[in-house]
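User: I'm new to this one and would like a close look at a single part: the loop that comes ahead of the second strand. Could you walk me through it and show me how it fits with the rest?

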Amino acid sequence: SKGRVYKVKVYEIPDAGAASKGKNISSLVNLQADETVKAFFSIRHFEPEKYILLVTRKGVIKKTELTEFANVNSRGIIAL
């Protein structure tokens, strides 16, 4: 909700049994106090010349190459 990008590898997500309710995605990343998860994507390879398009409700548009998000630390990076 604040324009930050976080990265979680699949093997870092804990397993859940068939009868369990699961775990909230916001508990897997270090979100800021007033921040919420708005969307998430599954990306296998951060290939050059592949892009992601970010759009806000107020009309701001940003096109960024996927390789820019390959090295995200645990605090996230500001994408927008």
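Analyst: Let's start with a term: helices here are DSSP runs of H or I with at least four residues, strands are runs of E with at least two, and both are numbered from the N terminus. Counted that way, this predicted model has zero helices and four strands. Reading from the N terminus, the order is simply β-β-β-β.

Now for some background on the whole chain. The C-alpha trace spans about 40 × 30 × 20 Å along its principal axes. Of the 80 residues, 15% are buried. The accessible surface comes to about 6900 Å², and carbon and sulfur atoms hold 51% of that. There are 14 positive and 8 negative charges, and the mean positions of the two sets sit 7 Å apart. As for who touches whom, take the contacts with a separation of 6 or more: 47% of them join residues 24 or more positions apart.

On to your loop. It runs between β1 (4–5) and β2 (51–55), and leucine 31 has its place there. Is leucine 31 buried or exposed? Neither label fits: its relative accessible area is 23%, so it counts as partly exposed, given that buried means under 20% and exposed means over 50%. Setting aside neighbours within four places in sequence, leucine 31 is in contact with Tyr6, Ser26, Thr36 and Val37. Proline 14 is another story: it is 17 residues from leucine 31 along the chain, and their C-alpha atoms are separated by 18 Å.

The loop also takes part in a salt bridge, where the side chains of lysine 2 and aspartate 34 meet at 3.6 Å, N to O. This pair ties together distant parts of the chain, since lysine 2 belongs to the segment before β1 while aspartate 34 is in the loop between β1 and β2, 32 residues apart. The salt bridge count for the model is one. How open are the two partners? Lysine 2 is partly exposed, at a relative accessible area of 47%. Aspartate 34 has 54% relative accessibility and so counts as exposed.

Further along, glutamate 49 also lies in the loop between β1 and β2. What is its phi? The angle is near 65°, a positive value in a residue other than glycine. That's worth a second look because most residues other than glycine have a negative phi. Glutamate 49 is exposed too, with a relative accessible area of 65%.

For a contrast with the loop, head over to strand β3 (residues 61–65), where you'll find threonine 64. Its relative accessibility is 10%, so threonine 64 counts as buried. Leaving out residues up to four places away in sequence, threonine 64 touches Lys50, Tyr51, Ile52 and Phe69.

Two of those partners, Ile52 and Phe69, bring us to the largest nonpolar core. That core has six residues: Ile52 and Phe69 are joined by Leu54, Leu66, Val72 and Ala79. Among them, leucine 54 touches Val60, Ile61, Lys62, Ala79 and Leu80, again not counting residues up to four places away in sequence.

To pull your loop back into one picture: leucine 31 is partly exposed, aspartate 34 is exposed and meets lysine 2 in a salt bridge, and glutamate 49 is exposed with a positive phi.

Definitions and conventions. Residues numbered from 1 in each chain as written. Predicted model: local features only at pLDDT ≥ 70, side-chain atom pairs only at ≥ 80, totals over all residues. Heavy atoms only, no water. Buried < 20%, exposed > 50% of the residue type's maximum accessible area, 1.4 Å probe, protein only. Contact = heavy atoms within 4.5 Å. Areas by Shrake-Rupley, 256 points an atom, 1.4 Å probe, with all protein chains shown as cover. Lys, Arg positive; Asp, Glu negative; His and termini not counted. Charge placed at Lys NZ, Arg CZ, Asp CG, Glu CD. Core = buried A, V, L, I, M, F, W, Y, C linked by side-chain atoms within 4.5 Å. Salt bridge = Lys/Arg side-chain N within 4 Å of Asp/Glu carboxyl O.
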